[in-house]
Amino acid sequence: MHEAQPHAGPTALTPQASCGFYLVHHDAGFALHMNASQEHLHQMRAVVYKTVAGAGIGEEIAESARLVASELVGNAVRLCGPWAPVVVQVYPHEDHVLVQVHDPEPAALPERRDQAPDSADAEAGRGLWILDALAPGWTVQSTPVGKQIICALPAPAPLDLNHSCPGGC
């Protein structure tokens with residue numbers, strides 16, 4: 001595969017670039033421009049997990065962020081087809097992890113189904129149940145070139161081991 005030459009830009013780290021895959025680190029997070037393929041999806045999952053776990057938020061939240069990003073990219077592929085251009089952004093914060101996925105299809109908005117997620121009749125829509133469970137309050141915004149789904153996964157508050165228990169422990 002042809003490796004692109006890094007550009008001199010505002011980021012502190014050199015972008016990782018290859019055909020259909022352009023990863024730029026920003027602060028503790030990243031923006032990944034990719035054509036959705038099986039190989040790129042595997043790479044994206046690894047970057048999400050490594051970024052979130054590396055921020056010290058915890059492996060459980062890192063796994064949840066990876067699952068949310070995978071579901072959203074999978075939805076983009078179902079809507080737009082393989083090799084669709086998507087942008088995945090992940091930004092860990094102290095109290096939440098922001099996961100954003102942008103796809104080029106503005107008209108196809110996520111639809112909740114009336115069926116329960118474990119219904120044998122449900123052919124699709126289970127991913128939205130996952131989003132609701134892991135990132136309550138997720139939103140969709142139209143953009144000039146498609147739409148962006150924005151999810152905030154709550155991170156557990158860190159334990160204060162220096163704090164004494166009222167009334168004794």
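# A guided tour of the sheet and its helices

Start by selecting helix α1 (residues 38–54), which lies across β2 (21–26), β3 (29–35), β4 and β5 and runs at about 175° to β3. Here helices (H or I, at least four residues) and strands (E, at least two) are DSSP runs, numbered from the N terminus. Axes are lines fitted to C-alpha atoms, for helices over the stretch in contact, and angles run from 0 to 180 degrees between N-to-C directions. Contact means heavy atoms within 4.5 Å.

Now add helix α2 (residues 59–80), which packs on the sheet and touches β3, β4, β5 and β7 (146–154). The direction of α2 makes about 10° with that of β5.

A word on the model before going on. This is a predicted model, with residues numbered from 1 along each chain as its sequence is written. Local features need pLDDT of at least 70, side-chain atom pairs count only at pLDDT 80 or more, totals for chains, interfaces and linings use all residues, and side-chain values use heavy atoms, with hydrogens and water left out.

**The whole chain**

Zoom out and colour by secondary structure: the chain has 3 helices and 7 strands. From the N terminus on, the elements run β-β-β-α-α-β-β-α-β-β. Buried residues make up 38% of the 169 residues; buried means under 20% relative accessible area, exposed over 50%, and partly exposed in between (1.4 Å probe, protein chains only). Turn on the surface, and about 10100 Å² is exposed, with carbon and sulfur atoms supplying 55% of it. These areas come from the Shrake-Rupley method with a 1.4 Å probe; for residues, only the protein chains shown count as cover. Among contacts between residues at least 6 apart in sequence, 51% join residues at least 24 apart.

**Along the sheet**

Select the strands next. In what order do the 7 strands of the open sheet come? The order is β1-β2-β3-β4-β5-β7-β6, with antiparallel pairing. The edge strands are β1 (16–18) and β6 (139–143), each of which pairs on one side only. From one strand to the next, the twist averages 15°. Two strands count as paired if DSSP finds at least two bridges between them.

**Back to α1**

Return to α1 and show its side chains. Buried residues in this helix are H40, L41, M44, V47, V48, T51 and V52. They cover an arc of only 125° around the axis, which puts them on the same side of α1; the arc is that of the directions from the helix axis to the C-beta atoms. An α-helix has 3.6 residues a turn, so residues three or four places apart point the same way. Follow the buried residues of α1 outwards and you reach β2, β3, α2, β4 and β5, against which they pack. Rotate to the other side of α1 to find Q38, K50 and G54 exposed. Just after the helix, click on G56, which takes a positive phi of about 80°.

**A stop in α2**

S64 is found in helix α2. Is S64 buried or exposed? S64 is buried, because its relative accessible area is 14%. Leaving aside neighbours within four places in sequence, S64 is in contact with L134 and L153.

**Strands β4 and β5**

Go to Y91, in strand β4 (residues 85–92). With a relative accessible area of 19%, Y91 is buried. The bridge partner of Y91 in β5 is L98, and 6 bridges join β4 to the antiparallel strand β5 (residues 96–103). Measure from Y91 to D27 in your viewer: they are 64 residues apart in sequence and 8.3 Å apart in space, C-alpha to C-alpha. Beyond neighbours within four places in sequence, the contacts of Y91 include H26, F30 and H96.

**Strands β7 and β6**

Move on to β7, which is mostly covered: 7 of its 9 residues are buried. β7 runs antiparallel to β5, and 8 bridges join the two; one to find is D103 with its partner K147 in β7. With β6, also antiparallel, β7 shares 5 bridges, and a hairpin joins β6 to β7 through 2 residues.

Finish at I150, in strand β7. I150 is buried, with a relative accessible area of 17%, and T139 stands opposite I150. Not counting residues up to four places away in sequence, I150 touches L98, V99, Q100, W138, T139 and Q141.
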